[in-house]
Amino acid sequence: MSLGDILEHETRDEITRIRAGAQERAAAILAAARERASALLESQKRSLDAELQAGLTRARSAADLEMNAQRLAAADQTQTRAFQEAEAQLRAAPASPQYPQILARLIQEAQAALPSAEVVEVHPDEVAAAQAALAHLGLHLEVRPNPAVETGVRLVGRGGKTSVQNTLLGRLQSGREALTAEVARLLNS
């Protein structure tokens, strides 16, 4: 073999070694790049998953708040309607044939609080019913019309200094808080 052949052969071996080393380094660089890309991709995926979960949690919370707000609004509307209906029924009570008996009971209760009553005030449309109630009770009190008194009576004591009012609408208003709690309990059942 000639010196040129030996040099050419050594040069080819050196080139082959250099190529092999370059390919190893390129493979290592490529593997490292793939590993970094994979880690970056995994990190981005975890970040997006976390954002998705946070978004879902916020959406559920917003939906729960909206549902509760709608439930409260519906309950409030139902309660308002219930009290409007009750008030309408109570306002219609004077037209009932049993209304003199109701007035008699209201008069008895008011008289227990004000035994010295001399006058029974009722709405002008309820004077006849009040007179019938007093006759039923065997009481002889003056009956005076008073447009401010609705669905019940106002007993006035001697000299007009004291009075007691006992009306169906007044009872509805005074019991409204307890009734509101009861209606809410029934609505939530």
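Glu121, Glu142, Arg144 and Arg154 are linked in a network of salt bridges, a salt bridge being a side-chain nitrogen of Lys or Arg within 4 Å of a carboxyl oxygen of Asp or Glu. Before we walk further, please keep in mind that this is a predicted model, in which local features need pLDDT of at least 70 and side-chain atom pairs count only at pLDDT 80 or more, while totals for chains, interfaces and linings use all residues. Residues are numbered from 1 along each chain as its sequence is written, and side-chain values use heavy atoms, with hydrogens and water left out.

## Salt bridges

A search of the whole structure finds 10 salt bridges. Side chains of opposite charge can pair when their charged atoms come close. Three of the pairs are set out here.

| Pair | Closest N to O |
|---|---|
| Glu87 and Arg91 | 3.0 Å |
| Arg144 and Glu142 | 3.3 Å |
| Glu118 and Arg158 | 3.4 Å |

Helices (H or I, at least four residues) and strands (E, at least two) are DSSP runs, numbered from the N terminus. Glu87 and Arg91 are 4 residues apart in helix H1, so about one helical turn separates them. For the accessibility labels, buried means under 20% relative accessible area, exposed means over 50%, and partly exposed is in between (1.4 Å probe, protein chains only). Glu87 is partly exposed at 26%, and Arg91 is also partly exposed, at 39%.

The bridge between Glu118 and Arg158 has a different setting: Glu118 lies in strand S1 and Arg158 in the loop between S3 and strand S4 (163–167), so the pair ties together parts that are 40 residues apart in sequence. Glu118 is partly exposed, at 36% relative accessibility, whereas Arg158 is exposed at 57%.

Back in the network, Arg144 counts as partly exposed with 32% relative accessibility, and Glu142 is partly exposed with 42%.

## The loop between S2 and S3

Two residues of this loop are worth a look in your viewer. Asn146 is found in the loop between strand S2 (142–145) and strand S3 (152–157), and counts as buried because its relative accessibility is 17%. The side chain of Asn146 reaches the backbone nitrogen of Ala148 at 2.9 Å. That is a polar contact, meaning a pair of N or O atoms within 3.5 Å; within protein, one must be able to donate a hydrogen and the other to accept it, and residues adjacent in sequence count only if both atoms are side-chain atoms. Leaving out residues up to four places away in sequence, Asn146 touches Glu121, Val122, His123, Pro124 and Arg154, where contact means heavy atoms within 4.5 Å.

Thr151 lies in this loop between S2 and S3 as well. Its phi is near 55 degrees, a positive value in a residue other than glycine. Thr151 is buried, with a relative accessible area of 2%. A polar atom of the Thr151 side chain lies 3.1 Å from the backbone nitrogen of Leu169. Not counting residues up to four places away in sequence, the contacts of Thr151 include Leu90, Arg91, Pro94, Tyr99, Glu126 and Leu168. From C-alpha to C-alpha, Thr151 and Gln98 are 13 Å apart in space, with their positions 53 residues apart in sequence.

## The nonpolar core

Which residues touch the most other members of the largest nonpolar core? They are Leu103, Val120, Val122, Val153 and Leu155, out of 21 residues in that core. Helix H2 (99–113), strand S1 (117–122), helix H3 (127–137) and S3 each supply at least two of its residues, and H2 gives the largest share, with 6 residues. A nonpolar core here is a set of buried Ala, Val, Leu, Ile, Met, Phe, Trp, Tyr and Cys residues joined through side-chain atoms within 4.5 Å.

Not counting residues up to four places away in sequence, Val153 touches residues that include Leu103, Leu106, Ile107, Ala110, Val120, Val122 and Val164.

## Leu3 in helix H1

Leu3 is found in helix H1 (residues 3–92). Leu3 is exposed, with a relative accessible area of 62%.
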